[in-house]
Structure formats: structure tokens, C-alpha cells
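Welcome, and have your viewer ready. The exercises below each set a task and then work through a solution in steps.

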Amino acid sequence: MAKEAELLETLGDFTSKENWDKFFTIRGTEDAFEWYADWSELRNPLLSHLPPKPQILVPGCGSSRLSEHLYDAGFTSITNIDFSKVAISDCLRRNVRKRPDMRWRVMDMTSMQLEDEAFDAVVDKGGLDALMEPELGPKLGDQYLAEVRRVLKSGGKFICLTLAESHVLALLFPKFRFGWKISVHAIPHKPSSKPSLQAFMVVAVKEVSTKLQNITSSFGKSSLACRGSQGRGLLEAVENENQIRREYSSASDIQYSLEDLKLGARGDLTKLRPGRRFQLNLCGGSNFSCRAVVLDAKEISANFVYHCGVFIVPKTRAQEWLFSSEEGQWMVVESSKAARLVMVLLDASHVNSSMDDIQKDLSPLVKQLAPGKDDNGAQIPFMMASDGIKQRDIVHQVTSSITGPIIVEDVIYETDNGDISRILPSRDLTFRRLVFQRSEGLVQSEALLSEEGSKYKIGGESERKKTHSSSKSKRRGNQRRSDETSHQLKVYHGYLASSYHTGIISGLMLISSYLESMASTQKSVKTVVVGLGAGLLPMFLHKCMPFMHIEAVELDPMVIKLAKEYFGFIEDDHLQVHIADGIQYVRKAVNFDADDEKSAFGGNENRNCNSEPTSSNGSQLASHVEGQGNSKLDIVIIDVDSADSSSGMTCPAADFVDESFLQSVTDALTEKGIFIINLVSRSQDIKDTVISRMKLVFSHLFCLQLEEDVNEVIFALPSASCIKEDGFAKATLQLEKLLKLEHPEISQSIINASKKIRHLK
């Protein structure tokens, strides 16, 4: 009894070397100790999984006779390791003469002094279970399984005899998820009147392919369920792991973790594989986290300057075509001169971090992604896509209950601003930007500030402080808050700084003949712009196409307030803004037209005018028909962002491309009218779906893909007949004549954009 009590004391901590030495000393040399199952129960299932003449490793061998039975069964190339010197010494004395080819080494199984890929099989009988003390966590088990993966040859097998407890399987299954084929088997039990735990054999085969495979088992659910909570726990663990594997297999663009990659999710990262590309989440200390793309150059050559490089993309440029599209990313790889490029895409969480801090957080993470097994001291250079901003000053910050945080900022870009720099010569051109922070990197509006802007009656600009932030797709830099007043600079409404705004205007050439006929007969072109932003597009149309009558529709009163106070937006008889839901507004315009016809023919004369959307100063839609019989709309422009990122579209909200709304638009438009929508999505499938839906409703469809941008402007015509592509040049000249610009040279960007418009239907 005293000996048994002394033995029990040694089993308090299965991970303690001293405890095991004491345990084996007390038990004695010849008294072998077997975990879980005897040889008679193990023999057939174990031998069936061993290849011919394998090199076998038995880690944590203890005093078990398992290796001796394997040797006697013809498997003589066996290496046994254990960190207990007592156990190894006893086993060596017991076998040195009978089994001379057997090797015994004192070694820690969590840090093996063994060569890589040296064994065909690792046979573990309770070793992993012993390391997985719930109180100690998975650290030792994690280290051990990493060693198992390292020492096994390709095609080798890890044969793990275990009680399959949930915390053990929670480590075991994910560690052999990528590049391994797993099967689970129940070890047959001897009939016994005493209740006992079921032993299982998990077999993981090391494969070359990283294709995920479901875990298989050699027993039925019903037979395992009979084993009570132990069996049910194993079934649940297998099903949960298989569900994860199915989700990985079905996902089109998986974002891996560093742990996934270490486990072989994308093959051996120590070696370059031309054309390999994958996405991952980089997570490190100080709660640092970011999205990254790893790219191995398509052609490996001796011309690479770096074996691995890091390219940091600031938040405000992450949506640009060059960094968001696969084609653009490969262009960056080519110019980086790196054999492997880790492109890091920063987000809003990094805005207040210095570049030194970001590099400090990234360095230990990217080192794990560098090709080559050893750190040979090669430097990993950090490159960065400049946000293109030399100076950024915050003018105003506010949080709207509808739109969320909004920033008004003034920026000066580092590079030349093209034609506008020559037309309006200035040492540094300043741009004012409206930023909706709910949409990652989205600069909602961007306006040029100039002395010329101050010549025109702008009004409403009550607060003039210097700024900070972006326009529907650009950049970011050093920011500061400024209370200085820009006395001489005001928004210039004769120029559109945003390329997609220019694209919208260029599409009007599709109905330029109609616009010319309306202007020549002094008839108003009824235009609705849904989504005010900073009011720059309506103000440009109002200033440069004075024959238009423009109704802007904005849901958020705060946005209207900012447009008036900081961007010089003003209303008059020909430009009104309405606080309303854009979809309801267009539909009410249709109903208004129907009611107007009824009224003309003695219909309902008691229409409730209060149902009409009101403008920001209380006027109603009906008051702007200007006495013309037909109240249909000539132009409808949708320029709104989406608050719901799950739709896959940054612009517009999904309801604006719903078939029922598109039908409402066709009903609201005149026969010669045009519907224009700014579509922003990284998914080509989503873009194709939207275009297919529009083709069902409209007679003709055109599109303008903005270069190196995610914006795509779609133009839809309800008319059965439309302009042919060979007439685009003439139509563009007509549009140019209609534009009343202070600087005619500004129209060149509009002409250039019109040349890129293509016919879809």
C-alpha cells in the first residue's frame, strides 16, 4: 500500500521529468507500464497502418513494451525517446542483447534533436495526452506536434493513441488540417465487468497536396454513441472540424492566419513558388492587426534585388485598382524587384499610428513569411505607397445620427494635379474633401479651393478652418487640426476634382442632341441627383449647364448643412435640395406625373400636397414644374454610398439597383432621358449582376470604367433608338459646346472620359 501511495504522488504532474524519474524508479526495471491498451488489442489495427520497413519514432516511450512488440513483429528500425533517464536506462538494459538494432535516447519530445523528415511513422501511445494538462494549456502539446510534423517524411504517418478528450482534439485536428489526411479508429476492448475509457487511434498522413479533406472514421455513429459522453465528444469534435474544412474548401477568397500558413495551408512557404498569391490576416502584439496579400513573383530570376519585401498601402489608397485588384498587385510585385512581396493594406485602426510603430509591429510577423529556412541576416525592406498628400488639415469633424462620423478636410497633394495646375497656376493647389468614415477609405466629395472661387457668390461658408482626409477613392498623409481661416480661398464650382464626377458628365454626350434641342428652345432639362454629398456635382451642373433645373435629394440634414457651410452649396429657383429618401422621391415623381395627367383630364383635384418631399427651405416638388405640361424627368443620377457593407457594394445601396426601383426610374424618365449610376464594388460578380438586372429594364446600356479605380459609371437609356458609337465624337463636341466653362481647357478631361464609354446593350 505504501508503494501504491508513493506512486500516486508522482502522477500529480504528467509533464514533470522529476516525477517520471521517481515513478519509474519506484516501479522497477522489469515492471512495464502500459497506457490505454495491451498489445493484443493494438496489434492488428496498428500494424495495418505501418508501411513496409519503416523508420519508426516512439516519443515518450516510458517503460512500455510497445516498441519491443513492434520489433518482434519485424519492425526493427525503431528510435525510442523519453526525457526520463531512468526509463531509458531501464529499457536499454532490458533490450540491448535481445533487440540490438533498437535505439534509445534521452530526449525531450517537445524539442527533438532529430533531423527533418527522418521517419516514416511516429507512434505515440498516450504521449500527447500526457502533455495536455488542462491547467497548463496547449503550449507543450503545440511544441510537440510541431516536432512531429517536422521529423515525418512526405507520406509519413503520425499514429496517435489517445483517449480523444475534447481539449486534446481541439489542438490535434487543426494542427493536421492542411496537407494531411486524418482517420480515426476505435481500439477494440477486452470484455470487462468494470467500466473503462475507450482508446482511439488517430492516423494523420502527411501529403504533398494542401487540399482539405474531411476526417474519416472506421466506426459508425451509433456504435460510438454507446460509449457515452466520451463517444459523443469525439463525434462532435470530428463534425465541428469537418464543418470548418468544408467552409475553407467552399470559400473563394480565404483570408488565412499565420498559424494556418505555418501548418501548410498554402504549401511550404520557405520555398518560392512562382505565381503563388493568397490573402491573410496579420495579427501581432499591441492588438496590431491588418490585412495582407502575399505574392511570389510570376517569374523567378536573378534580377531580384530582395528575396522578400514589404509594401505598405495606406488606408486611403487601399481601394485603388492598383492595390485592390489582382492584376494591379502583380504590377506592384514587378516594380518592387522582390521575389516575394507582402502587400500590407492598412485600415482605420492605423490612422493614428506612426510609420515607425507600424513597422515595429510588422517586422516579427513578416519575417515568418520570408522564403528560406534560416534567418540569414538578409534585410526585408519596407516600401510604401505614398498617400500623395503633402499636407492635411482638419476643418471640421462631426458625427451624424444617419451617416456616422464625417470629416471635412483640406489637403495639398505632393504631385502635379494635371491640367488644372496649368489653368489655375498656384504654388500649391488646395482641395477640400468630405469623408464618410463608415465607408473604408471613401472620400465622398472633393473640391478645388481657389481665389477664383471667391469671385463668385458662394455664400454659406460660415467656418473656414484648415483640413484633413479624402474623395470617392484616394489618399492620406500627415494630419493636423487647424483653426486658421482661409480668407482668400473658396470652393471653385467650375471644376470637378473627382474623376467619377467627370465620368458622369461625359455620359451626357449620349443625349447631347436632346439637351441641345431643349437648351435652344429655352426649355428646362429636369434633373434629379440622389445623394448630395458636398453638393459639387449639382453646383457644377447648375453653373456650367444653366438650362437645367436640378433637384438634389439627400436623406441626411447634416450632410446638407456641411455642403452649405463648407463647400459653398447654395439653392435658388433652378437648384433645390430635398430632405427625403431617394427611392421614395423618384417614385413620387412618377405618381406626381400620373396625378398631373388625371388633373388635366378632370381627375382628382384634391391631391395632398403635403405628401410631396420638402426642400431644405420648405418648398415642394410641385412648385418646380415651371408650368410645363410634362413633369417627367430628363436625367436621374444616383450618387450615394451604402451603409451596408454586406451587399458587396460601396456605392450605391442595394435598393437602388433593385429591379422594382429600376422600373420606377424608367417610368419617371422622358423618352429621351438618361439614368446614371455610380457603381463601386470589388466583386466582378456583383457588377455583372447589377448590369444584367439593368439590361432587363432599359433598352440601351453603356458603361465607363475609370482607370485604376473601382468606380464604374453606368448609363442607361429607356429609348429604343440611341446614338451609335461612330457618332460619339460629334456628340462629345455638342456636349462641349453646351458646357459654359470659365476655362474651356477643363473640358478636355470630360472629352477624354467620353472616349472610354462603351456600349453594353
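Is Cys61 buried or exposed? Cys61 counts as buried, at 8% relative accessibility; buried means under 20% relative accessible area, exposed over 50%, and partly exposed in between, with a 1.4 Å probe and protein chains only.

Before going on, note that this is a predicted model: local features need pLDDT of at least 70, side-chain atom pairs count only at pLDDT 80 or more, and totals for chains, interfaces and linings use all residues. Residues are numbered from 1 along each chain as its sequence is written, and side-chain values use heavy atoms, with hydrogens and water left out.

**Exercise 1. Count the disulfides and check two cysteines.**

Step 1. Take the rule: a disulfide is a pair of cysteine sulfur atoms within 2.5 Å. The count is 0 disulfides.

Step 2. Look at Cys61, which is in no disulfide; its nearest cysteine sulfur belongs to Cys91, 5.4 Å away.

Step 3. Turn to Cys290. Its sulfur lies 7.9 Å from the closest cysteine sulfur, in Cys283, and that is too far for a bond. Cys290 is also buried, with a relative accessible area of 3%.

**Exercise 2. Lay out the open sheet and find its edges.**

Step 1. Helices (H or I, at least four residues) and strands (E, at least two) are DSSP runs, numbered from the N terminus. Two strands pair if DSSP finds at least two bridges between them.

Step 2. Write down the order: 8 strands form an open sheet, E3-E2-E1-E4-E5-E7-E6-E8, with mixed pairing.

Step 3. Find the edges. Strands E3 (103-106) and E8 (216-217) each have a single partner strand, so one side of each has no neighbour in the sheet.

Step 4. Inspect one pair inside the order. E1 (residues 56-59) and E4 (residues 119-125) run parallel over 2 bridges, and Leu57 has Val122 in E4 as its bridge partner.

**Exercise 3. Describe the pairing of E15 with E16.**

Step 1. Strand E15 (residues 389-400) pairs with strand E16 (residues 404-413) in the antiparallel sense, over 10 bridges.

Step 2. A hairpin of 3 residues connects E15 to E16.

Step 3. Pick out one opposite pair: Thr399 faces Pro405 in E16.

**Exercise 4. Locate three backbone exceptions.**

Step 1. Recall the background: most residues other than glycine have a negative phi, and most peptide bonds are trans.

Step 2. The peptide bond from Cys651 to Pro652 is cis, with omega near -10°. Pro652 sits in the loop between strand E24 (633-638) and helix H21 (659-668).

Step 3. Lys337 has a positive phi near 60°. This residue is in the loop between helix H13 (326-336) and strand E13 (340-345), and at 43% relative accessibility Lys337 is partly exposed.

Step 4. Gln522 also has a positive phi, of about 60°. Its loop runs between helix H17 (512-520) and strand E21 (525-530), and Gln522 is exposed at 76% relative accessibility.

**Exercise 5. Explore the nonpolar cores.**

Step 1. Define the object: a nonpolar core is a set of buried Ala, Val, Leu, Ile, Met, Phe, Trp, Tyr and Cys residues joined through side-chain atoms within 4.5 Å.

Step 2. The largest such core has 49 residues, and Leu508, Leu541 and Met545 have the most contacts inside it. Helix H18 (residues 536-544) gives the most to this core, with 5 residues.

Step 3. List contacts (heavy atoms within 4.5 Å) of Met545. Not counting residues up to four places away in sequence, Met545 touches Leu508, Leu515, Phe540, Leu735, Leu738 and Leu739.

Step 4. Finish with the second, separate core: among its 36 residues are Val122, Tyr144, Phe176 and Val184.

Technical notes. Contact = heavy atoms within 4.5 Å.
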